[in-house]
Amino acid sequence: MDLVKTFVFGIHDSITSTISTLKLLKSNSGLRSKITQCLILNGLVFLFSLVVFEKVLIPIVLYVVPMETSTWIDLILKTLFKVLWVLPLYIISRLLNVFWYQEIADLVYRTLKKPTNRPKGMSLSAVLADVVYSVVVQCIFLVQASLVGSVPVIGYGLHLSHMSLVYSLYAYEYVWMSQGLGVIQRTAIMHMNWCYFIGYGLIMAVSVSLSSSYFVGVCMFALLFPLLLISSHFRQKHQYHNLKIQPLPIFKPSIFLTEHIIKCFRRTR
């Protein structure tokens with residue numbers, strides 16, 4: 001029963017925090033500007049172009065051309081569209097989103113006047129090492145999510161739970177890193193409160209998974225993530241309604257493999 005309550009608390013907090021986020025956006029022009037940039041690039045430019053190409057241009061072209069050549073033309077057009085438009089735009093949007101998300105997090109921190117516990121003497125190399133370590137852990141965890149997704153019957157639920165956790169981690173990392181928490185500490189919080197964070201990231205995970213297109217899913221994530229990112233700043237006292245549930249070290253395999261990769265890399269130097 002505690003599992004269900006904690007899970008529901010996570011969903012509840014993601015919704016109520018989003019309401020607080022919308023109120024914050026209403027009173028902060030700087031945040032509205034950054035969110036608008038995300039909406040224009042990821043929504044009006046990227047997502048809209050994908051929809052128009054697939055739902056409007058391709059059907060029109062296939063209707064006009066002869067039936068015997070339609071298959072080849074469809075393949076050529078889709079390949080050219082991905083190579084010349086989708087992939088370059090994907091790379092540009094990913095790079096810009098990284099900067100915009102950090103700017104959004106900084107703006108929220110300053111607006112809410114949250115204190116930071118990051119050591120002032122922390123070197124740039126230490127920060128970069130933490131970021132690289134975190135990225136490797138998350139990449140391996142995404143592979144883990146894909147693998148459990150192939151499990152018969154319960155695969156979709158397991159995959160969705162993994163993605164809910166990783167989206168929650170993405171959002172809360174901005175808060176936890178500003179508090180000086182390293183990767184091991186951040187994942188330890190996830191392990192202790194795994195059921196809460198599955199609920200917290202569930203709406204995002206479901207929204208992204210609705211489309212079978214990878215790039216449409218990327219656009220949905222890019223559009224919704226700023227809200228989840230801002231929302232996480234309203235829940236940063238580590239009170240995640242954990243009702244004495246058993247910890248689940250779900251990131252342990254990813255951490256173990258990351259440590260092994262680092263050791264192998266050091267041996268080769």
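The legends below walk through a few close-up views of this predicted model.

Residues are numbered from 1 along each chain as its sequence is written. Because the model is predicted, local features need pLDDT of at least 70 and side-chain atom pairs count only at pLDDT 80 or more, while totals for chains, interfaces and linings use all residues; side-chain values use heavy atoms, with hydrogens and water left out.

**View 1. The whole chain has nine helices and zero strands.** Here helices (H or I, at least four residues) and strands (E, at least two) are DSSP runs, numbered from the N terminus. Reading from that end, the elements run α-α-α-α-α-α-α-α-α. Along the principal axes, the C-alpha atoms fill a box of roughly 65 × 50 × 50 Å. Of the 269 residues in the chain, 42% are buried; buried means under 20% relative accessible area, exposed over 50%, and partly exposed in between (1.4 Å probe, protein chains only).

**View 2. Helix α5 covers residues 155-178.** How far should the 24 residues of this helix reach? At 1.5 Å a residue, the expected span is 34 Å, and the end C-alpha atoms are 35 Å apart, which agrees. The expected span is 1.5 Å times one less than the number of residues in the helix. Look for Tyr-172, the centre of a kink of about 40 degrees in α5. That bend is the angle between axes fitted to the seven residues ending at a residue and the seven starting there. Most of α5 is covered, with 19 of its 24 residues buried. Just after the helix comes Gly-180, with a positive phi of about 80 degrees.

**View 3. Leu-158 sits in helix α5.** Is Leu-158 buried, partly exposed or exposed? Its relative accessible area is 30%, so Leu-158 counts as partly exposed. Setting aside neighbours within four places in sequence, Leu-158 is in contact (heavy atoms within 4.5 Å) with Val-148 and Val-151. Ala-145 is 13 residues from Leu-158 in sequence, and their C-alpha atoms are 7.5 Å apart.

**View 4. Val-153 lies in the loop between α4 and α5.** Most residues other than glycine have a negative phi. Val-153, however, has a positive phi near 70 degrees. With 85% relative accessibility, Val-153 is exposed.

**View 5. Helices α5 and α6 cross at roughly 130 degrees.** Helix α6 is made of residues 183-192, and its axis comes within 10 Å of that of α5. These axes are lines fitted to C-alpha atoms, for helices over the stretch in contact, and angles run from 0 to 180 degrees between N-to-C directions. The two helices are therefore oblique to each other; under 35 degrees counts as roughly parallel, over 145 as roughly antiparallel, 65 to 115 as roughly perpendicular, and the rest as oblique. Residues making the contact include Leu-165 and Trp-176 of α5 and Arg-186 and Met-190 of α6.

**View 6. Helices α1 and α7 meet at a crossing of roughly 40 degrees.** The axes of α1 (residues 2-27) and α7 (residues 194-209) come within 7 Å. This pair is therefore oblique too. Among the residues that make the contact are Phe-7, Gly-10 and Ser-14 of α1, together with Trp-194, Gly-199 and Ile-203 of α7.
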